[in-house]
Amino acid sequence: FFFKQMTAYEISLGLVGSEMCIRDRKEKVIVDVLNQKTPPEWVIVGLGNPGQGHVEDRHNVGFWSLDFLARRYGTTFSEKRQHVLIGEADICGHPVVLAKPRTYMNLSGYALEYLRQRFNLGGQRTLVVVDDMDLPTGKLRLRAEGGSGGHHGLDSIINELGSEVFARLRIGIGRPGADTIRHVLGPFSSTERKTINDALESSIDVVKECVLNGIEYAMNSYN
């Protein structure tokens with residue numbers, strides 16, 4: 001794949017992401033969200049399709065963003081549930097849940113419903129990272145709520161939660177001339193990959209801003 005995988009040794013040393021929070025960091029917290037000893041402040045979910053055959057699909061940029069985020073904050077997706085992979089992270093002293101559905105895109109809502117019931121967080125504290133054909137490749141757009149825009153993953157989430165009130169960070173993958181299915185299930189070109197890598201790095205900053213200062217502040221800063 002086109003970004004370097006973080007080694008277990010790098011994770012154990014905590015070499016990733018420490019420079020991100022020097023100025024605005026609270027005291028170091030012991031994050032134990034998965035054992036319900038630390039209540040999470042946010043649930044961050046990246047959408048995509050599981051399986052090796054979909055690893056490089058444009059449709060999977062939500063997964064990639066979460067992988068970048070986990071790498072930056074030195075964590076992994078250590079817990080496997082029926083519908084979702086879950087990790088936990090300390091973002092500048094704020095405990096958060098990181099999650100990637102194990103279902104196909106059009107069933108993503110099952111993972112969100114499980115996360116809502118388990119961690120008891122409403123849509124105002126849930127951020128979904130997702131691809132968007134209506135945005136140019138690499139363009140980011142943050143919204144506090146809204147419709148699906150025809151995205152089947154968001155359709156599923158809205159249906160399962162019974163609400164459009166959850167934040168979403170859209171990452172542009174561009175719109176093809178004709179075959180949209182082939183486009184979303186195909187890989188980026190070599191020239192697009194640099195743009196997408198830059199966007200994924202920027203998505204980490206957007207998530208951090210949401211966690212530290214709230215969705216409205218982040219929208220004003222990055223949209």
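# A tour from the central strand outwards

Select V43 first: V43 stands opposite T126 of strand β5. The model is predicted, so local features require pLDDT of at least 70 and side-chain atom pairs pLDDT 80 or more, while totals for chains, interfaces and linings use all residues. Residues are numbered from 1 along each chain as its sequence is written, and side-chain values use heavy atoms, without hydrogens and water.

**The whole chain**

Next, display the entire protein chain, whose secondary structure comes to seven helices and seven strands (DSSP runs, numbered from the N terminus: helices H or I of at least four residues, strands E of at least two). Along the sequence, these elements follow the pattern α-β-α-β-β-β-α-β-β-α-β-α-α-α. Of the 223 residues in the protein chain, 52% are buried (under 20% relative accessible area; exposed is over 50%, partly exposed in between; 1.4 Å probe, protein chains only). Among contacts (heavy atoms within 4.5 Å) between residues at least 6 apart in sequence, 72% join residues at least 24 apart.

**The sheet**

Now select the strands. Seven of them form an open sheet in the order β2-β3-β4-β1-β5-β7-β6, with mixed pairing (two strands pair if DSSP finds at least two bridges between them). The edges are held by β2 (79-80) and β6 (140-143); each has a single partner strand, so one side of each lacks a neighbour in the sheet. In general, strands of a sheet pair through backbone hydrogen bonds, either parallel or antiparallel.

At the β2 edge, β2 pairs with strand β3 (residues 84-91) in the antiparallel sense, over two bridges. Select K80 to see the residue that stands opposite L85 in β3.

**Strand β5**

Return to β5 (residues 126-132). Is this strand buried or exposed? Seven of its seven residues are buried, so the rest of the structure largely encloses β5. Colour its two faces separately: T126, V128, V130 and D132 lie on one side, L127, V129 and D131 on the other, and all are buried. Strand β1 (residues 42-46) pairs with β5 in the parallel sense over four bridges. Strand β7 (residues 167-172) also runs parallel to β5, joined to it by six bridges. Within β7, L169 is the bridge partner of V129.

**Helix α4 and D155**

Select helix α4 (residues 152-161), which contains D155. The buried residues of this helix are G153, L154, S156, I157, I158 and L161. These buried residues pack against α3 (109-119), β5 and β7. D155, by contrast, has 36% relative accessibility and therefore counts as partly exposed. Beyond its neighbours within four places in sequence, D155 is in contact with S148 and G150. Add M105 to the selection: its C-alpha atom and that of D155 are separated by 9.7 Å, although the two residues are 50 apart along the chain. Then step just past α4 to G162, which takes a positive phi of about 70°.

**Helices α2 and α6**

Finally, select α2 (residues 61-72) and α6 (residues 190-213). How do these helices pack? Their axes are 9 Å apart, at an angle of about 65° (axes are lines fitted to C-alpha atoms, for helices over the stretch in contact; angles run from 0 to 180 degrees between N-to-C directions). Show side chains where they meet: α2 contributes V61, W64, S65, F68, L69 and R72. From α6 come I196, N197, L200, E201, S203, I204, D205 and V207.
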